[in-house]
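Welcome! Here is a short briefing to read alongside the structure, going topic by topic.

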Amino acid sequence: MRKILIMATLVVFVFSLQAQTIRDEIQDNLRCSASNYMAYPNPVQHKLTPAPKGKKPFYISHYGRHGSRYHNRARTYDIPYQMLAKADSLGKLTPLGRSVLARLAVIRQDAYQHWGELTALGASQHRDIMRRMVERFPEIFEGKVEVDARSTTVPRCILSMENAMLQLAKMVPQANIHHNATQRDMYYLNQQDRYLFSLKMDSATQVAYNAFAQHHEHNKRLINSLFNDTAYSNKIDGGELNYFLFKIASNIQSTEISKSITLYDLFTDDEVYANWRKENAWWYVAFGGCTINGGLQPYTQRNLLRRIIQQADSCLRLEHPGVQLRYGHDTVVLPLVCLLDINGYGLATDNLESLDRRRWANYKISPMAANLQLVFYREGPDDQDVLLKVLLNENEATLPLKSAEGCYYHWSDFRDYYLAKLDAFDKQEIGKQKK
């Protein structure tokens with residue numbers, strides 16, 4: 001009966017998440033259209049499924065993306081501002097165009113020399129995630145818990161880690177915290193695979209993506225609303241201006257000025273949705289299981305997955321293994337989730353038009369501060385039947401494995417399945433190199 005109740009609860013939860021279409025979700029919450037620029041939404045699941053009888057949480061293995069940040073490059077702010085400023089100097093802007101120019105000036109000044117830096121919201125996101133982790137799994141954080149935290153060498157990732165560690169130290173003053181950011185860990189925290197990256201946008205893939213993007217390019221109305229001279233606006237690269245305006249509109253939510261400024265009012269619902277679809281498809285092609293380019297991009301995170309498995313096997317021998325935390329990037333979280341095929345996000349298709357219908361949505365996978373938590377359970381140190389559950393952005397998630405009970409899986413099944421998957425890929429790649 002208990003198993004039936006757990007499964008029924010999961011079915012209701014999953015159904016509630018999928019009741020709306022992706023378009024409905026975006027229309028109800030424009031922040032979703034920001035794709036990977038979406039500010040962390042906080043978990044929608046407030047009560048986790050109870051563990052199987054006798055099992056208690058004892059170890060967490062985690063990977064998290066840095067929190068909300070400014071755009072990486074000055075050009076993201078400069079290009080649209082300069083395009084509109086030049087038009088304004090020639091008297092070619094409508095009243096709306098001048099309003100947008102004024103807003104861009106404020107946004108650009110706010111971001112000046114903060115390129116790629118963590119925002120105040122980004123810092124608080126990681127403090128909150130750590131707070132909930134401690135509150136949800138108090139058994140793991142009892143006493144002098146061992147905490148090993150590693151970050152990539154990028155400042156916004158280091159600061160995300162440090163904010164989490166400050167929160168942890170405040171809540172668990174006895175915690176034995178080790179934290180570091182070194183080039184030595186980069187091979188698995190942010191693996192750079194030149195060969196797989198070279199396949200990402202090969203000629204066939206570029207043609208397919210360009211055709212999709214062109215089909216969903218809707219910028220004529222926007223351009224006409226900003227410029228008062230058609231002859232002048234026809235010389236403007238409408239696609240480029242639309243791209244940068246929407247990119248800036250998407251990321252305002254991660255900054256303090258979101259309380260007073262928006263650019264979402266420039267776009268109709270159809271335009272918002274079209275812009276999201278183009279960005280979503282790009283992320284799927286670049287980091288997902290897209291079969292146009294071979295479907296191999298998730299394997300860029302094979303070093304990380306092996307590391308997670310190896311470290312877990314080592315930690316499970318300990319009486320109190322504690323917590324292992326890793327901080328990095330969306331370009332790691334998203335392909336890792338696809339490699340694990342969490343919630344079906346390992347989807348393999350060449351049909352970019354089908355992504356939203358099949359609920360492959362980047363904002364669900366890798367928003368700002370996205371995180372993956374593997375939580376391990378056992379009855380005691382001598383219990384050989386270790387279970388785990390996966391939390392994606394702090395919500396219980398599914399794996400392509402037979403569950404032990406509800407959202408709980410046997411660690412041995414997890415380890416064997418994914419090591420076999422990684423070994424098969426390595427064998428295939430070695431074979432290619434010998435030819």
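Start at asparagine 219, which, apart from neighbours within four places in sequence, is in contact with Gly238, Gly239 and Asn242. You are looking at a predicted model, so please keep that in mind as you explore.

**Asparagine 219**
- Asparagine 219 sits in the loop between α9 (203-215) and α10 (220-226).
- Buried means under 20% relative accessible area; asparagine 219 has 15% relative accessibility, so asparagine 219 counts as buried.
- Try finding lysine 53 too: lysine 53 and asparagine 219 are 166 residues apart in sequence, and their C-alpha atoms are 57 Å apart in space.

**Two helices that cross**
- Two packed helices are described by the angle between their axes and the distance between the axes.
- Helix α12 (residues 238-251) and helix α13 (residues 269-287) have axes that come within 11 Å and cross at roughly 90°.
- Because of that crossing angle, α12 is roughly perpendicular to α13.
- On the α12 side, the contact is made by Asn242, Tyr243 and Phe246, while α13 supplies Val272, Asn275, Trp276, Lys278 and Glu279.
- Sorted by kind, the residues of the contact of α12 with α13 are four nonpolar, two polar and two charged.

**Aromatic rings**
- How many aromatic pairs does the structure hold? There are 20 aromatic pairs.
- One of these pairs joins phenylalanine 246 and phenylalanine 267, with 5.2 Å centre to centre and 85° between the planes, making the pair edge-to-face.
- This pair links distant parts of the chain, 21 residues apart: phenylalanine 246 belongs to helix α12, and phenylalanine 267 to the loop between α12 and α13.
- Are phenylalanine 246 and phenylalanine 267 buried or exposed? Both of them are buried.
- Elsewhere, look for one aromatic cluster formed by Tyr59, Phe376, Trp411, Phe414, Tyr417 and Tyr418.

**The nonpolar cores**
- In soluble globular proteins, nonpolar side chains tend to be buried together.
- The largest nonpolar core here has 57 residues, and those that touch the most other members are Ile342, Leu352, Trp360, Phe376, Trp411 and Phe414.
- Which helix gives the most to this core? Helix α15 (residues 330-340) does, with eight residues.
- Beyond residues up to four places away in sequence, tryptophan 360 touches Trp276, Asn280, Trp283, Tyr284, Gly288, Leu334, Cys338, Tyr345, Leu347, Leu355 and Ile365.
- A second, separate core has 43 residues, among them Met38, Ile107, Phe267 and Val272.

**Leucine 339**
- Leucine 339 lies in helix α15.
- With 1% relative accessibility, leucine 339 counts as buried.
- Leaving aside neighbours within four places in sequence, leucine 339 is in contact with Pro298, Tyr299, Gln301, Arg302, Leu305, Tyr418, Lys421 and Leu422.
- Leucine 339 and lysine 144 are 195 residues apart along the chain, and 34 Å separates their C-alpha atoms.

**Glutamine 324**
- Where does glutamine 324 lie? You can find glutamine 324 in strand β4 (residues 322-328).
- Glutamine 324 counts as buried, because its relative accessibility is 10%.
- Not counting neighbours within four places in sequence, glutamine 324 is in contact with Tyr59, Ile60, Ser61, His62, Asp148, Gln311 and Cys315.

Terms used: Residues are numbered from 1 along each chain as its sequence is written. This is a predicted model: local features need pLDDT of at least 70, side-chain atom pairs count only at pLDDT 80 or more; totals for chains, interfaces and linings use all residues. Side-chain values use heavy atoms; hydrogens and water are left out. A nonpolar core is a set of buried Ala, Val, Leu, Ile, Met, Phe, Trp, Tyr and Cys residues joined through side-chain atoms within 4.5 Å. Buried means under 20% relative accessible area, exposed over 50%, partly exposed in between (1.4 Å probe, protein chains only). Helices (H or I, at least four residues) and strands (E, at least two) are DSSP runs, numbered from the N terminus. Contact means heavy atoms within 4.5 Å. Axes are lines fitted to C-alpha atoms, for helices over the stretch in contact, and angles run from 0 to 180 degrees between N-to-C directions. Angles under 35 degrees count as roughly parallel, over 145 as roughly antiparallel, 65 to 115 as roughly perpendicular and the rest as oblique. Ala, Val, Leu, Ile, Met, Phe, Trp, Tyr, Cys and Pro count as nonpolar, Asp, Glu, Lys and Arg as charged, and the others, Gly among them, as polar. Rings of Phe, Tyr and Trp (its six-membered ring) pair if their centres lie within 6.5 Å; planes under 30 degrees apart count as stacked, over 60 as edge-to-face and the rest as tilted.
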